[in-house]
Every structure is written in C-alpha cells, then in structure tokens.
Amino acid sequence: MGTAPASRDVTSYGMGLAAPLALFFLVFFVAPLLQLLWLSLHNDTAALHWGFGQYLHFLTDPFSLGVLGSTLLLGAEVTAVCLVLGFPIAWLYQRVGPRLQTIIILIVLLPLLTSVVVRTFAWIVILGRQGIINATLQSLGIIDTPLKLLYTQFGVVIALAQVQMPLMTLPLITALGRIDPNLDDASCSLGAGSWRTFFRVVLPLSLPGVIAGCTLTYAAAITAFITQSLIGGGQMLFMPMYLYQQASTLQNWPFASAISIIFLLAVLAVVSVFTTLGRMSRGYGGA
Amino acid sequence: MAETQGGRSLVVDAVTHRYPSGALAVENINLDIKGGEIIALLGPSGCGKTTLLRIIAGFIAQSQGRIIIGDDIVDALPPNRRAVGIVFQNYALFPHLSISENVGYGLAARGVDKATRQREAQRLLELVQLPTMSERLPRQLSGGQQQRVALARALAIKPSILLLDEPFAALDKNLRLDMQIEVKRLQRVSGITTLIVTHDQEEALSMADRVAVLSHGKLEQFGSPSDVYDRPQTLFVNTFVGASNRMPGVVVSADRTAAKVRLDAGAEIIARPAGGALTEGGRVTVCIRPEHLQFVGDETGFAGVVGMSLPLGATVVHEVTTADGSGVKVSQARIGETRALESGAAVRLAPLAPSLANAFPATL
C-alpha cells in the first residue's frame, strides 16, 4: 500500500484545475492593470518622469470631475429605471402559467440575443428628430416642432435601460422564485394588504436579487461605450468616451491611465456600497 | 382590537367549486360547525379538502354556495379581512423576521403599536411554551418549535376560525403526538372553532369533535368519530377509516334495520344496511373490520384456510383465505397465551355481532 494516495486530500485538486484560468487572468488582466497603474504614475506623455501629476490634474479639473459625476449619475439613473421597470416583470413571471413564463423569459432575453450596436441604432430610429416618437406626436398634432430626445441624458438613460434590462430582471426572477408562495398567503391571512405584504415580505426576501441586479446593471451602464456614445452624441461626454479620446485621439496615455484607475476605484466604491447593503439586508428585520 | 372572538360558528352552505378546466374540485359541500368545535376534514390526497380550506380562508372564490362565519356571509371579503387564522403545512414563517416579529406580524398589520405587539407576542410565546425564543430567526428553531410559532402567529390576530392544513404531516411520530395534544390544549384554552385538514385518520379520530370525510370532492359523511368509525354511511368511509374486509354477497331478505346476506364466501350472516335500503336479490358488499371477526368452533360462519399469522404486539392478525378465494384479515386481542394458528389450518369465521357487519349496495 502506498502512503501518498491515502494522504492526498481530494479538495486539493480544485486549485490545480483553476490554474489555467488563473494564469490567463494573470497575463491578460493583472499584468495590464499593473502596467496601467505604472503608466498613470508619470507626469509626462512620454512616461519618463514619475509623479502624481495626472491624478492631481484630474481631481482638480472641474471638467474631468464633471464627466466622472455625470457618469456615476447616469449609472444610478439607469439602475433605478431598470429596477422600477424590471421588478414588475419578474414578479409577474412568478405568478403566471408556464406558457406565459416562456414568453416573458423570451422577451427578457431578446435584447441579449441582438447586438448592442443594432439595439442602439434602433433607439436612434425611435428617438431621432424624424424618428418614430416625433413623427407620431407631430402627425397627431400634439407637438409642432420635434422634441429633442436623441443626444440627451433622457435618451441615453432610456436606451441603456432597455439594453441592460436582462441584467436586472434575471437575478430578480431567480430571487423571487426562491420565495415560498405560502408566505404571501400567510401574510394575507394575518390581515396584511398587498402593499404591506410587498414591502414587509416580498421586497426584503428578494433583496439579494435586487442587490445583484443593481450591481450588474450599474457596472454595465456606466461602461457601455457604444450606447453612451451613439445616443449621447458629441454633447454628452461620459467616462468611457473621455478615456478613449485621451488615449486614442490625444495620445495622452498617462492621463488616460489615471482616468482608468480613478474610474475603476469609483466603480469599486459603488459596488462595495451595494455589497455592504446586501450584507446588511441579511439581518433585515426592522420594526 | 376586538375581544376574543373564539367560538364563532362556521357554515359551509352548498359550496361547489369548479376548476377553470370545468372539473369539479368540491361538489355541494354542506357543513354546519358550532362555535368552539374541532372539526377534521379527512380524505385522501386530491379529495378537495385543501381546496375547501382555501375557500374558507378566502384564497379561492367558490363557484357556488356561501361561507358564513358567525352571522356574517364572508364571500365578498378578501382573505386579509376574514380574520381566519391559518397554520400552513410547511409553517410559512417569515424567514427574515424574528420569532417575536413573526408572531406580532398580524398585529402590526392592524396598526397595533410596537410595545403592545411585543408584549402580546411574548404572552403567546409563553402560551405555546417558547418564552425564550423571541429574538431567534425561524431557521434556528426545530420543526416542532416552528409549528408552535406558526400557531402563536395565527392565534395573535384573535381569529374567529383557526384552519390547520396538514399541520402534523412534517413531524416525526413522537413529536406529532406531543403537538396534537398541544393543539388540542390550546384549542380548549382559546375556545376557537378549529378546522384541521388531514389525510391521517388516526389524527382525525383522536383530535376532532366531528369528522367530515371527503372523497372525490364530495362529502361522504359528517359525524362524530364513533359515528364515522362504527356507523359508516358509505362504503368509502367504511374502508378509508380504519381497516375493513370487503366481502361480496347477495341479499336474501332485508328490512330497515337488518339484512340477511348470503356471502360468496359461503355463509348467511345478518348485517346492518348501512347505505340505505337494500333490495332482495341485490348484490351487496359487506364490510367487517378485522377486530369484529371471530373464530367459531361450530358450523356457523364461513370456512377459510389460515395463510399467515402476524403477531403485532397487543394483537395478532391472521390472514385467512375464504372459499371464494378472497382474503380476509382477522385481528385477535392477545389475551394470555393466544395460540398461534398453523399455516394451512382450516377455520370457521363469523362476525362478533350483526351490528358490526355493514352491508352496502354493490356498485359496479
């Protein structure tokens, strides 16, 4: 009897199997990130002089801070719209028959099955000066001059909300599906109306799904380069485009790197707020 | 907050419910339940007993008929305004709320302030003998404890009717008996009219003042446990409640109180016409419980051959094959040294008394 096989812990195999992916991440994610950090710590475009000049520049420049602020705000708005519109769909999904469930899940997934570029162009057709909305409103005589929908914050939020909706709805559907339907009946039989049942039972128990959905939607919305740029146009500048301009057009790689790092930290901060909320919600109870 | 409403009556008046597909879930159910009674709705799964419970609670609107609680017809009231307490089979405690908050949930919905809620929750937790559990979460409690909390939560709203849906099915046998005693004690203390849905006949017979036996959506019999067990009105009740031997035969002569039946197994016995009048020459099914058959030494009764004897502690059950090839079970009390019967021994069997054999018209 050999001694080695007996002493071998079966759980140790897991690490070895994860090695290829770990290596992949190391080479194509961690290394570039470190390079980015290194680059951002130079004061000149040629990356010869060390210093925090790029960060100082960003953090004292009202324009740059404005772009960061409007990007984070955009994420919050899109997340809010997705949550408010997505929750009823997820709720409905859990209360209809299997055939309707299939239809709902198809509608929810459909945006994922078409290219982001195609979806975004569809929104240009809908929101444009001669687009579907303006043409309809004008032909009905409700407005005389076309509304400005494209190239506005409103347009970007609406388009992004539609594009990112599955990221909110899918976790919500999962979370709501885990709730015992008897809890609804129990709440009702104890005298609670529908709204009390929703706010005291359904919403608290679906919080893990809400947090997951919000995190995914938020992260996707603020980094959605294509939709932001096409619907926002030249007048609306968000972090991904700002970053792209600095790197590609102006060839200011150290500043672009600093923007990336700051953006990354800002996103991490927001995501960790969500995660903390999620952890707190496990002890949710209140009075 | 109204004072205790325990003891309100419940009338189920000609309630019929059809599924959207058109199939009948329950058909023309009539129950007249006095205030403070414990009633068991007994039947196999799929008999419509849970549907009936959900109709009474207001979760399902019946197709026809009325539900009357006390003096009020409650058909128009949604479940949250019927003041009907329910204990669910899986307890359905709110997993994110503490035990105290679970019990106080119904009071919060009625706008009772927090201090009163906590005081009342504590009082009820003491009533169900869990005074120290108020700050725990449901998942930290055992099954039996969760059930006590579910009871306390249902009682907190001072319901006019208490509905228990298969309340003991998830508990192991010893705990089940404890909880049955506990529920009966609480019911006696509170005097609340209680309806227990169950498929367990022992549970129904031991806990309920009256038992309603349902089969295929129809009410088969509604009576005291001894009525249901000793004077079953239908063949279904006779065979579903307790064990019973079914012996086919032909009516020789019959009046209202007694019928002479020639069993296919080969004897003429006197039986009670249990399911209404019998006609001479008609086919009947005679039900005799295993404990109501005895071995006889003379030539009365019918002949059989012993197949197997099973000593079950206090009783011995013998399996006997009769002349027509059907099997009957005979249960003998084990008094002193009950002699074991050899397999293959020829015996003769007869009912203990004519009133203990029930004859029902045979259905094809």
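1. Two strands are taken to pair if DSSP finds at least two bridges between them. With that criterion in hand, the bridge partner of B:Val11 is B:Asp32, which belongs to β2(B). The model under discussion is a predicted one, and the points below should be read with that in mind.

2. The pairing just mentioned belongs to an antiparallel arrangement in which 6 bridges join β1(B) to strand β2 of chain B, residues 24-33. In the hairpin that β1(B) and β2(B) form, 5 residues lie between the strands, and B:Gly22 takes a positive phi near 100°.

3. Strand β1 of chain B, residues 10-18, also pairs with strand β4 of chain B, residues 64-69, again in the antiparallel sense and over 5 bridges. Here B:Val12 stands opposite B:Ile67 of β4(B). Strand β1(B) thus has pairings with β2(B) and with β4(B).

4. On the scale of the whole chain, the domain assignment of chain B gives domain 1, covering 10-235, and domain 2, covering 243-353. The C-alpha centres of these two domains of chain B lie 39 Å apart, and 4 residues of domain 1 of chain B are in contact with 4 residues of domain 2 of chain B. On the domain 1 side of this contact in chain B, 2 residues are nonpolar, 2 are polar and none is charged.

5. The contact between the chains takes 22 residues from chain B and 18 residues from chain A. On the side of chain B that touches chain A, the elements giving two or more residues are β6 (84-87) and α2 (99-109) of chain B, and the largest share, 4 residues, comes from α2(B). By class, this side of chain B has 12 nonpolar, 6 polar and 4 charged residues.

6. Turning to chain A, helix α6, residues 116-127, can be checked for its length: at 1.5 Å a residue, its 12 residues should span 16 Å, and because the end C-alpha atoms of α6(A) are 16 Å apart, the expected and modelled spans agree.

7. Which residues of α6(A) are buried? They include A:Thr120, A:Trp123 and A:Leu127, and, seen down the axis of α6(A), the buried residues fall within an arc of 50°, so they line one face of the helix. What covers the buried residues of α6(A) includes α7 (132-139), α8 (153-177) and α11 (225-232) of chain A. On the other side of α6(A), by contrast, A:Val117, A:Val118 and A:Val125 are exposed.

Methods: Residues numbered from 1 in each chain as written. Chains lettered and ligands numbered in written order. Predicted model: local features only at pLDDT ≥ 70, side-chain atom pairs only at ≥ 80, totals over all residues. Domains from an automatic or database assignment. Contact = placed C-beta atoms within 7 Å. Nonpolar A, V, L, I, M, F, W, Y, C, P; charged D, E, K, R; others polar. Expected span 1.5 Å × (residues − 1). Buried ≥ 20, exposed ≤ 12 C-beta atoms within 10 Å, placed from the backbone. Arc of directions from axis to C-beta.
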